[in-house]
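Visitor: I should like a close look at a single part of this structure. Please describe one strand and its surroundings.

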Amino acid sequence: MGNNRYLLYGSVRYALGILRPLQDAARARGDEVAWFFDGREDEGPNELTADERRLVTVEQVRRWNPTAVFTSSNALPHFFPGVKVQTFHGFDAGKPRHIYIRPFFDLYCTTGPQDTRAFEALARRHGFFRVIETGWPKLDPFMTQLPDTLPPVRQPPVILYHSTFSPSWSAARTLHDEVRRLSRDGRWRWIVTLHPKTDPEVVAMYRALENEHLRFADDDNILDLFGQVDMMCSDTSSALSEFLLTGKPVVTFRNRRPGPQLIDIDDAADFEPAIERALSRPPELMAAIRTFADAIHPYRDGRSSERTLEAVDRFIAEGGVASLKRRPLDPWRKFKLRRRLRYWGPA
C-alpha cells in the first residue's frame, strides 16, 4: 500500500512486544509508523530504539494525522484522528473479554473463531464497530519459529511455572512449597517467571528458590521461554492460552475457566501427579489442546500483522467510520482520558 500513517498506542512496556510486529509489517509496505505512550517513562518509551518514532503530545498526534491507531489497551483517546483498532493484550483468562465492549473502537481484530463469534454477535447488536478476524500480531515471530511436529519430552523434563498477579487468581503462594520441594531432587528442571505486577514479596519468595534445578527468569517476553520447556504450570493467566498454541500440556490450579485442554487441580497435593500426567502426554489431552488452539488462534503462518493492516484497508474501503452507527457517549471514561493526557481541545 504505502503512504499510510499508523500510530501504535501503549500504556505499559508489554505493548512493545504486542505492537512491534505491526510496525515491521507496516514498514515493509512502505507506510509510516509512530508510537504514543500515556504511561510512565520507564514503562515503554525509554525502550524505543533510535529508528522508532515517538510522538509525545496530543497536538503532535493530531498534526501527524494517522490513518489508524492500534492499541492493545482497553481504551484510547477518542480525540485522536484515524480508525481506532483494538488488537488485544492477551487471550481471555478468567472472563470472556467480549463483555468489555467500550465505545472507543471502530474495528476489533479478533484472534480466532472463538472470539470472532462473540464479537460479531455484539457488532450486529450495537452497530458502532466492525469485527474482522486476523490472528494476533504479537504471535507472528513466535509462530514462524514453531516446529512442524511436537518435539519429544526432554530428559530431564523442563517445566515452566508462571503465575498471574491478581491475589484472588494467583496460585503462587499456595504452590510455593510444592515448587520448592519438587525443584530439589533434580527429577525435573524448572524455569519460574511471574507477571510483572506480582507482589514483590512473592517475587522474592520465588527468587529464593533458585538452585541448580530451578532458574528464575526475568525475560520480558514469556514467549521466548516456551521453546525451552516441555509443559507449563499456572493458574488463571492468559499466557497459558499462548502456551497451548505450542501443543504442549498445561497444569492449572483452580483455573476460572477450566476445560479438557487443561489438567486443572484444586488441591496442592495433586500438583505432582498432575505434572506426571501432563508429561505422559495422554492422547485425549493432546487432542483437546489442538482443538482449543484452533479455536483461539488457527493461524500458523506468522502473518497476522499483515492481515490486521489489510483489515484496516478493507474497513476504510467499505465506508470506514461513516458506515457505522454513532458510538455511545461514555462521558466519564472520555473525561478521564482527557484528564490523563491533559487535553481539553476539540475531538
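Guide: The following account concerns one strand, its residues and its partners. The model is predicted: local features need pLDDT of at least 70 and side-chain atom pairs count only at pLDDT 80 or more, whereas totals for chains, interfaces and linings use all residues. Residues are numbered from 1 along each chain as its sequence is written, and side-chain values use heavy atoms, with hydrogens and water left out.

Strand β7 comprises residues 158-163; helices (H or I, at least four residues) and strands (E, at least two) are DSSP runs, numbered from the N terminus. Six of the six residues of β7 are buried, where buried means under 20% relative accessible area, exposed over 50% and partly exposed in between, with a 1.4 Å probe and protein chains only. V158, L160 and H162 point one way from the strand, while I159, Y161 and S163 point the other way, and all are buried.

β7 pairs with two strands, and pairing requires that DSSP finds at least two bridges between them. With strand β8 (residues 189-194), β7 pairs in the parallel sense over six bridges, and V158 stands opposite R189 in β8. Strand β10 (residues 231-234) also runs parallel to β7, joined to it by three bridges; here Y161 of β7 stands opposite C233.

Helix α5 (residues 172-182) completes a right-handed β-α-β unit with β7 and β8. A crossover is right-handed if, with the strands pointing away from the viewer, the path from the first strand over the helix to the second runs clockwise.
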